[in-house]
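Open the model in your viewer and show the side chains as sticks. This tour goes from one charged pair to the next.

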Amino acid sequence: MSANKPLHAYLTNEELHHLLPFGFIVLKQDSIVYANEKLKEYFSVTNMESYQLIIDDEVAHNVWKQRKVIHTIKYIEQNKYYCIYSPSVDNQGRMQCVTLIIIPFESFMEQVKQNTDYFPIMELIPLIADYSPDAVTYVLPDLNKTIHNKRWTTTFNKIKSEDKDAVNELNEILKNIINETVESRRSSVVNINIGQMRLSLQVTTKPIIISGKLYGCFQMIKNDEAFKYFEKKYEIAKKVIRNLEKTFTYTDIIGESFDLKLAINQAKLFSKMKVPILIKGEPGTGKEVFARAIHSDNKKNYLPFFRFDGRTDSTSLERLLIEILDESNVYNGTIYVKYVFDLNETILEKIMLCSKKTEITFIFSTDVIEMHKSHFYDWITKYIIYLPSLKDRKEDIPLIIKNYLEKMNEQYDLQLQTLDEEIMHLFNTYEWPKNIAELQNVMEYIGRIANPSTTVISTKMLPEYLNGEREETYELSNEKASLQTAMDEFEKKYIHNRLISNNYNKTKTAKELGISIRNLYYKMDKYNIDRGRS
């Protein structure tokens, strides 16, 4: 190299700069002397003045003054770059210029990994966390940043949904444990209890030390019982929501009896077939719940569920069928018709035609024992699901009650745990003429009157008509009452019990009593029976 030729003349040699696989800049004092073509691939700028924005003036000044190499990370246009500032001196040790090498950070790391055994710990940490079955977080050495897996996020969200103060308490405890671990550089296992529920958790904290250097800490929270508790609460909440929205699934059909399991298995099988399904069972056995569960299992839960009563909605049903048969209208989903055999032959024929021409699933239900034979009858009775009455599956009653208690506790913030022995005996001997619908009404009645602190359901919490089953008599408030007074008192109790049995459905109650709904309202006012419920 000639002593008379400046160093940057060699550094800017046109034959050399095209060969460089990275961005290259030559600086002298505060000015850019040269920039190679590679920079144009990295940035949208094209002139020397624009490249000045890339330079960190303070770093360049320190390199010139201290004559040492400085490595930095630079964010330019939201991209990350690895930068190397180097001093260049002549043969006499005099500063000539500062060179800057700029490499996209990802490219730089790829080269490092290809040519060395280095593997960035920050890439390894998330992989370890994600594959852990526990709630795991990684805390960086400066304690200001964390990386955690999905189980950690889920656990914290579930705790927060139950007790916000518990999350704050837990965060404070975890922070203290981390500080102690960093200071001592020793692993620890700590059992803690947090929140009003005094939820029990086990916290394991381990420092990550490589070649004597601390790279942060792993922290794990483990409590399978707590996680299962929150999972159970979540499932109960989903059941309550499905019950309110009437978007049932098979998990909402409670029982282990053979006949019920057979019905569920048949429903699952039929739902995968393009066939009409008939659900047959006594009133109150849950035919509509089955129909909606089939709709959900048929992967049509995002499509409409049309519900019609063959006794009262025949006009609306026929109107919909005509729209469906109009080829300009495209329909899909499920049509459920209860009391299907109350429909006239014209509508039944339209139903069969719609089933053949569309992808609509048709589900029907009936409580009729003897059905009129017809072409529609032959078509509809190929795939029948028989629902057992509650009196024929009394072994399921404890499971059903347990399910109702869990939902009521969630919905009404109660603490109900069990029924006393006398009620269980009554429930197991009672015939349940209205099946599971009646049991549901009884449990909802108990839920409405239960004290928030009550844990055991007693006979005094039952509707009067069930206590009447237990006592087999009505007790008069005055044994010397006149015949008319006794008859009025009996009538009042009888009407009240029928209303409770029908969940205060006044139309249904009036029909059972054989009186008009207007007459029912008159008697409710006469006996001061609450008529405000719907």
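This is a predicted model. A search of the whole structure finds 16 salt bridges. Here are some stops among them.

**Stop 1: Asp-297 and Lys-272.** Select both side chains. They meet in a salt bridge, at 3.7 Å from N to O. The pair links distant parts of the chain, 25 residues apart. Asp-297 sits in helix α12, residues 287-297. Lys-272 is in the loop between α11 (258-271) and β11 (277-280). Now show the surface. Asp-297 has 28% relative accessibility, so it counts as partly exposed. Lys-272 counts as exposed, at 65%.

**Stop 2: Lys-434 and Glu-512.** Select this pair next. Their side chains form a salt bridge of 2.6 Å, N to O. Lys-434 lies in the loop between α17 (421-429) and α18 (435-449), and Glu-512 lies in helix α21 (residues 506-513), so the salt bridge ties together parts 78 residues apart in sequence. Is Lys-434 buried or exposed? Lys-434 is buried, because its relative accessible area of 17% falls under the 20% cut-off. Glu-512 is partly exposed, at 37% relative accessibility.

**Stop 3: Glu-512 and Arg-498.** Keep Glu-512 selected and add Arg-498. These side chains also meet in a salt bridge, at 4.0 Å from N to O. Arg-498 is in helix α20 (residues 483-501) and Glu-512 in helix α21, so this pair ties together parts 14 residues apart in sequence. Arg-498 is buried, with a relative accessible area of 17%.

**Stop 4: a network.** Finish by selecting Glu-288, Arg-292 and Arg-307. What links them? A network of salt bridges does.

Note on methods:
Residues are numbered from 1 along each chain as its sequence is written. This is a predicted model: local features need pLDDT of at least 70, side-chain atom pairs count only at pLDDT 80 or more; totals for chains, interfaces and linings use all residues. Side-chain values use heavy atoms; hydrogens and water are left out. Helices (H or I, at least four residues) and strands (E, at least two) are DSSP runs, numbered from the N terminus. Buried means under 20% relative accessible area, exposed over 50%, partly exposed in between (1.4 Å probe, protein chains only).
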